[in-house]
Amino acid sequence: MLEAARCIVVRDLLVAWRRRSDVATALLFFVIVTSLFPLGIGAEPDLLRSIAPGVIWVAALLSCMLSLGRLFAADHADGTLEQLLLSSEPLGVIAAAKALAHWLVSGLPLVLIAPLIALQYDLPAPLYPVLALSLLLGTPVLSLIGAIGAALTLGLRGGGVLLSLLVLPLYVPVLIMGAGSVDMAAAGLAPDGQLLLLAALLIFAAAFAPWATAAALRISVE
Amino acid sequence: MNLEASHLGCERGGRTLFSDLSVSLRGGELLRVAGPNGSGKTSLLRILCGLLSPTTGAVRWEGTEIRRLREEYSKQLVYIGHAAAVKDDLTAAENLRIACTLAGLRVSPRQIQQALDSFELADLPVKRLSQGQRRRAVLARLVVSDSLPLWLLDEPYAALDAAAGRLAEELIDGHVARGGAVVFTTHQDTRVRASQVIDLDA
């Protein structure tokens with residue numbers, strides 16, 4: 001079972017590596033959006049410090065949305081999606097592998113680059129680990145939930161807009177808890193509660209989202 | 001092995017493609033699906049492999065409905081559809097290896113190389129290949145798929161030249177001779193002798 005999942009992850013990473021520009025677009029989008037805010041708002045350190053978690057998290061949501069459209073669309077277009085549906089393993093496992101590959105390509109880089117972005121907002125150094133940890137726990141949830149939306153809107157005209165309408169409301173809890181944990185830490189309180197809730201969300205999404213994605217894929221491919 | 005479809009009906013976009021179609025296929029049999037463009041050949045194949053649910057009727061594998069078998073049924077078959085089902089950025093060998101892993105087949109790198117050699121494919125990214133070579137890269141799967149009893153092939157000869165077409169015919173013949181079952185659609189003349197023909201035009 002793990003062999004098929006590993007095969008999908010390796011395949012998607014290999015395709016992403018050979019199409020590096022696609023991956024770079026989403027990451028650059030994140031960097032540029034988060035850099036625009038300090039430029040537009042002005043160099044008011046206190047204000048920047050207080051908006052930093054929210055801005056970074058919203059930019060992470062949007063950058064994740066940007067690459068979600070391609071999650072299944074490319075496989076659908078070249079016919080490999082049909083082969084995934086006919087694979088020898090449960091479709092939920094395949095869907096989980098696709099979501100994992102999506103996170104490795106579009107979520108993990110955000111986690112790694114976020115401390116650098118936080119520098120622009122003059123975020124105090126002790127908050128960096130909290131921000132990174134909240135993103136580490138939260139961004140996989142974005143990929144998992146996003147995969148359901150991507151599967152549902154597969155092959156629709158204007159699917160990209162519909163996808164954001166479907167998925168962004170579902171991202172709200174992740175946004176609240178992700179940005180909230182950094183705010184808590186900034187206020188000198190322990191962020192454990194929010195981070196644990198994020199971890200719970202991640203476990204919940206990892207357990208159920210792949211199966212919902214699988215059901216959505218079967219409907220879309222018909 | 002026994003594939004049985006009873007009273008299949010298919011409706012696409014408000015148009016009835018076929019209705020009350022029954023097929024029974026055993027090992028060593030070759031079923032050819034004939035009919036003009038748009039008569040529902042591809043839909044029938046997709047129904048038989050479980051990608052599409054029929055409007056009426058059911059498909060059974062060894063007596064059990066394929067909808068309940070899911071991957072247990074997928075494990076038994078190769079489906080080669082209209083679309084190439086290869087990743088443009090990967091090489092033919094990488095594509096073949098992935099297809100085999102997903103199908104649950106264990107193949108050695110040597111077997112993969114042999115399969116590609118028999119279709120005279122260079123190890124290039126698929127996007128550099130021509131339409132016909134791409135089709136060869138897809139059909140190379142058949143060389144390593146002996147152990148899967150059911151082959152469902154949608155237009156296997158499309159875009160192939162004479163030599164590759166003959167090779168595909170030999171593979172199909174060989175599979176049927178070994179006791180496998182094949183369902184295929186084609187517009188071209190083919191030397192393989194079908195034991196059953198379904199004409200969707202009638």
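Which residues of α8(A) are buried? In this predicted model, the buried positions of α8(A) are A:L163, A:S164, A:V167, A:Y171, A:V174, A:M177, A:G178, A:A179, A:G180, A:S181, A:V182 and A:A185. An α-helix has 3.6 residues a turn, so residues three or four places apart point the same way. The buried residues of α8(A) pack against three other helices of chain A, namely α3 (45-68), α7 (127-152) and α9 (192-221).

Helix α8 of chain A covers residues 159-186, and its 28 residues reach 39 Å from the first C-alpha to the last, which is close to the 40 Å expected at 1.5 Å a residue. There is nevertheless a bend of about 35° at A:Y171, with the proline A:P173 following within four residues, and A:Y171 is itself among the buried residues of the helix. Just after α8(A), A:G188 adopts a positive phi of about 85°.

The contact between the chains involves 23 residues of chain B and 22 residues of chain A. On the side of chain B that touches chain A, α3 (71-74) and α4 (92-102) of chain B each supply at least two residues, and α4(B) gives the most, with four residues. The composition of that side by class is as follows.

| Class, side of chain B touching chain A | Number |
|---|---|
| Nonpolar | 13 residues |
| Polar | five residues |
| Charged | five residues |

The largest nonpolar core has 136 residues, of which A:I56 and B:L152 touch the most other members. Leaving aside residues up to four places away in sequence, B:L152 touches B:L45, B:L48, B:C49, B:L77, B:V78, B:Y79 and B:V183.

Terms used: Residues numbered from 1 in each chain as written. Chains lettered and ligands numbered in written order. Predicted model: local features only at pLDDT ≥ 70, side-chain atom pairs only at ≥ 80, totals over all residues. Contact = placed C-beta atoms within 7 Å. Nonpolar A, V, L, I, M, F, W, Y, C, P; charged D, E, K, R; others polar. Expected span 1.5 Å × (residues − 1). Bend = angle between axes of the 7 residues up to and from the residue. Buried ≥ 20, exposed ≤ 12 C-beta atoms within 10 Å, placed from the backbone. Core = buried A, V, L, I, M, F, W, Y, C linked by C-beta atoms within 7 Å.
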